[in-house]
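Work through the exercises below with the structure open beside you. Try each task before you read its solution.

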Amino acid sequence: MDETKLRLRRDAELTEADGQVRISAPAGSLGLRGLDAGTTAALRILAGGDAGETALAATVGEAGLLRWNLLVRRLSRAGLLEYAAAGARLRPVGAGSVEPAPAPAADTPIRLSRFAVVTAGEGVLTVRSPRSPAVVELSPAACGLLGALASWTTPAELARIPAPGQVLRFLAAAGVLATGPEDDDLRQAQWHPRDLWLHAHSRGPRWTGRYGGTYAFTSRFEPVPADPPPFTGERIELPRPDLELLAKTDPSLTDTLERRRSLREHDPAAPITLAQLGELLYRTMRRRAVFTSPDGQELADRPYPSGGSVHELEVYPLIVSCQGAEPGLWHYDTAGHALELVSPPTPAVRALVERARSAAQLTGDPQVVLTVTARFGRVMWKYETIGYSLVLKHVGVLYQTLYLAGTAMDLAVCALGGGDAADFALASGLDYLTEGSVGELIVGSRR
């Protein structure tokens, strides 16, 4: 059996000053005082790379071996150690105890968890669960075990694979080894692996080493500007509503909240007007100001809130029937308060109408579909792990802002539960990964 090797986690730093040894990592730090020379030397070895337990014990010496074993246990419980054996590595990436788990009994039914996620990079496959602060890295020689774990088996049946016990201990510690059904109760069955992954990794740094406003790309890419490139099609300047007058004539916030409903049906005899559409967009989406943050990112101010003032959302009115504007896919210029034609009513644009009509369960076409997109780089240049969850939060507050303004204007507004980002990319010509649809609403005149 291969000897298990240890090292300090790769993102940890060991420093020595004033008689104290400190180990610092994104998940936390640990200060140690009163260490003997052998223990300090062994910690330096762990900071330099993998080391076998036999060599570490020799460095510490027999007299200090008990204290060393206790210290190793303390380091593992703090999530500061990595373990390597048989072409596999158990590595902490978040905060929490990480150490090899007991090997499953020879006749225990085991399988790769349905929540396990496998990614490739740097010559290894990384396996992890959304419920663990640890990952397992598998070398090409150890990757065959994953195929064998695609269906139920036992450690005894895996004995033909070199050193499976060591790797199974790592997989169990990382939460990616199932020993029984994972969907017999609603508590687990209700979660799709992708949903649980997004939930766990956007709700705190426990399961990830980097979280929040880390500015991960500042050294590689320039920040995405506040304004997208203009479209070259027809441009319609929109009238600007009198906000002072509206402040006096609008219903109260309480009344608006109480009257708000999702209204799907529109009045075919009197479609929404261009002035009404422009007022709705002005009251909800216009850019009121732009400024630059100390880190060089252009930020914006709009009527609804946005994390870090990044305001990555754009709105594309898909007009079917609107007095004063031709049908087609348009973009709302938040800075200039104007509509820019993106595409006439092509078959790809028509597919968006049909999808919205189906989602809203309408017998006829909606008058206007507001497609909400996100310029993802605006958020992800600054925020790590939580970027996409922030986009969805912003979509939610924009929905409510549109609902309230539309209700105050006596328009029919209804948010839709889903759309097709690939269909929107085809209709708009925009790159799927750069700017994609993240929400849709239908808007029209109220019956």
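**Exercise 1. Find the hairpin residue with a positive phi.**

Step 1. Go to the hairpin of strand 18 and strand 19, which has 4 residues between the strands. Strands are DSSP runs of E with at least two residues, helices are runs of H or I with at least four, and both are numbered from the N terminus.
Step 2. Look at histidine 337: its phi is positive, near 50°.

A word on the model: it is predicted, local features need pLDDT of at least 70, side-chain atom pairs count only at pLDDT 80 or more, and totals for chains, interfaces and linings use all residues. Residues are numbered from 1 along each chain as its sequence is written, and side-chain values use heavy atoms, with hydrogens and water left out.

**Exercise 2. Describe the pairing and burial of strand 18.**

Step 1. Strand 18 pairs with strand 19 in the antiparallel sense, over 5 bridges. To count as paired, two strands need at least two DSSP bridges between them. Tyrosine 332 faces leucine 339 of strand 19.
Step 2. Strand 17 also pairs with strand 18 in the antiparallel sense, over 2 bridges. Here isoleucine 319 stands opposite glycine 328.
Step 3. Why is strand 18 largely enclosed by the rest of the structure? The reason is that 6 of its 6 residues are buried. Buried means under 20% relative accessible area, exposed over 50%, and partly exposed in between (1.4 Å probe, protein chains only).
Step 4. Check both faces. Gly328, Trp330 and Tyr332 are buried on one side, and Leu329, His331 and Asp333 on the other. In general, side chains of a regular strand alternate between the two faces of the sheet.

**Exercise 3. Lay out the sheet around this strand.**

Step 1. Write the order: 14-19-18-17-20-23-22, an open sheet of 7 strands with antiparallel pairing.
Step 2. Mark the edges. Strand 14 (235–237) and strand 22 (411–415) each have a single partner strand, so one side of each lacks a neighbour in the sheet.
Step 3. Add the twist: neighbouring strands are turned by 30° against each other on average, direction ignored.
Step 4. Join strand 17 (residues 313–319) to strand 20 (residues 368–375): they run antiparallel and share 7 bridges. Valine 368 of strand 20 is the bridge partner of isoleucine 319.
Step 5. Place helix 11 (residues 347–359). It packs on the sheet and touches strand 17, strand 18, strand 19, strand 20 and strand 23. Contact means heavy atoms within 4.5 Å. The direction of helix 11 makes about 95° with that of strand 17.

**Exercise 4. Work out how helix 1 meets helix 2.**

Step 1. Helix 1 (residues 37–48) and helix 2 (residues 53–60) pack at about 150°, with axes 7 Å apart. Axes are lines fitted to C-alpha atoms, for helices over the stretch in contact, and angles run from 0 to 180 degrees between N-to-C directions.
Step 2. That angle makes helix 1 roughly antiparallel to helix 2 (over 145 degrees; under 35 is roughly parallel, 65 to 115 roughly perpendicular, the rest oblique).
Step 3. List the contact residues. Helix 1 gives Gly38, Thr39, Ala41, Ala42, Ile45 and Leu46, and helix 2 gives Leu56, Thr59 and Val60.

**Exercise 5. Place threonine 126.**

Step 1. Threonine 126 lies in strand 10 (residues 124–128).
Step 2. Is threonine 126 buried or exposed? Threonine 126 is buried, with a relative accessible area of 15%.
Step 3. Leaving aside neighbours within four places in sequence, threonine 126 contacts Val117, Val118, Thr119, Val135, Val136 and Glu137.
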